[in-house]
Amino acid sequence: MSESRITVRYAETDQMGIAHHSVYPVWYEVARTDFIRRLGMTYSEMERRGVMLPLSALSCRYRGVAKYEDELCVQVKISLFSVSRIEFSYAIYRAGEQSPINTGTTLHGWVDRETFRPLNLKKKHPEIYDLVQSSLGDEAL
């Protein structure tokens, strides 16, 4: 699991000072990018090696609200990992609280950068597959 810290910015809120529903997937992306970096590779490095991760599904459940200047913790972990797909699960907490204000998932396919066709990550890029696999332990298998 990885955690990223976010402070709700004014531009992310509506007239009531509440974070707009559309920014939660953006916060997921921040956490996912941090997670990949903590594995030892940046997203851009992965793309230079010929691997892309397009989004194929998104779920987002709102359980509470975030307001302007709230300090948030976005937790992300891999919930599914295979040679062709990866799913990330997210939980967003207001600092100091135990219950998430938001939960969600994003599902991505491993595709070739040039052709945009699905690829077998273990076969085509075993070094990336092994890097992700090593982060799992017994999770998400």
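A hairpin of 3 residues carries the chain from β4 into β5. In this predicted model, the two strands of that hairpin run antiparallel and are joined by 9 bridges. One pair to look for on screen is Cys73 with its bridge partner Tyr93 in β5.

## The sheet around the hairpin

Let's follow the pairing outward from β4. On one flank, β4 meets β1 in the antiparallel sense, with 6 bridges between them. Here Cys73 turns up again, since Arg5 stands opposite Cys73 in β4. Cys73 therefore makes a handy landmark for tracing the sheet: Arg5 is across from Cys73, and in β5 the partner of Cys73 is Tyr93, with strands defined as DSSP runs.

Moving to β5, 8 bridges connect this strand to β6 (residues 102–109), again in antiparallel fashion. Among the residue pairs there, Ile92 has Asn102 in β6 as its bridge partner.

The table gathers these strand pairs.

| Strand pair | Sense | Bridges |
|---|---|---|
| β1 and β4 | antiparallel | 6 bridges |
| β4 and β5 | antiparallel | 9 bridges |
| β5 and β6 | antiparallel | 8 bridges |

In what order do the strands of the open sheet lie? The order is β1-β4-β5-β6-β3, making 5 strands with antiparallel pairing. The edges are β1 (2–7) and β3, each of which pairs on one side only. On average, neighbouring strands are turned by 20 degrees against each other, ignoring direction.

## Helices on the sheet

Two helices can be placed against this sheet. Helix α1 lies across β1, β3, β4, β5 and β6, and runs at about 135 degrees to β1. Helix α4 also packs on the sheet, where it touches β4 and β5, and its direction makes about 110 degrees with that of β4.

## The nonpolar core

In soluble globular proteins, nonpolar side chains tend to be buried together. Here the largest nonpolar core has 34 residues, and Trp27, Phe81 and Trp110 touch the most other members. Which elements give two or more residues to this core? They are α1 (24–39), α2, β4, β5 and α4. Of these, α1 gives the most, with 7 residues. It is worth recalling that α1 is the helix lying across β1, β3, β4, β5 and β6.

## Salt bridges

The structure also holds 8 salt bridges. One of them brings together the side chains of Arg49 and Glu127, at 3.6 Å from N to O. Arg49 sits in the loop between α2 (43–48) and β2 (51–52) and Glu127 in helix α4 (residues 126–136), so this pair ties together parts that are 78 residues apart in sequence. Both ends are partly exposed: Arg49 has a relative accessible area of 37%, and Glu127 has a relative accessibility of 38%. The pair belongs to a network of salt bridges that links Glu45, Arg49 and Glu127.

A second place to look is Arg94. Asp70 forms a salt bridge with Arg94, with 3.0 Å between the closest N and O atoms. This pair links distant parts of the chain, 24 residues apart: Asp70 is in the loop between β3 (55–62) and β4 (71–81), while Arg94 is in strand β5 (residues 85–94). Is this pair buried or exposed? Asp70 and Arg94 are both buried. Arg94 also meets the side chain of Glu97 in a salt bridge, at 2.8 Å from N to O. Glu97 itself is partly exposed, with a relative accessible area of 37%.

## The chain as a whole

Stepping back, the protein chain has 4 helices and 7 strands. Along the sequence they follow the pattern β-α-α-β-β-β-β-β-β-α-α. The radius of gyration is 16 Å, close to the 14 Å that the globule rule gives for 141 residues, so the chain is as compact as a globular protein of that length. Along its principal axes, the C-alpha trace spans about 50 × 30 × 25 Å.

How many of the 141 residues, as a percentage, count as buried? The figure is 41%. Contacts across the sequence tell a further part of the story: among those between residues at least 6 apart, 68% join residues at least 24 apart.

Definitions and conventions: Residues numbered from 1 in each chain as written. Predicted model: local features only at pLDDT ≥ 70, side-chain atom pairs only at ≥ 80, totals over all residues. Heavy atoms only, no water. Salt bridge = Lys/Arg side-chain N within 4 Å of Asp/Glu carboxyl O. Buried < 20%, exposed > 50% of the residue type's maximum accessible area, 1.4 Å probe, protein only. Core = buried A, V, L, I, M, F, W, Y, C linked by side-chain atoms within 4.5 Å. Pairing = 2+ DSSP bridges. Axes fitted to C-alpha atoms, helices over the stretch in contact; angles between N-to-C directions. Contact = heavy atoms within 4.5 Å. Rg over C-alpha atoms; globule rule 2.2 N^0.38 Å.
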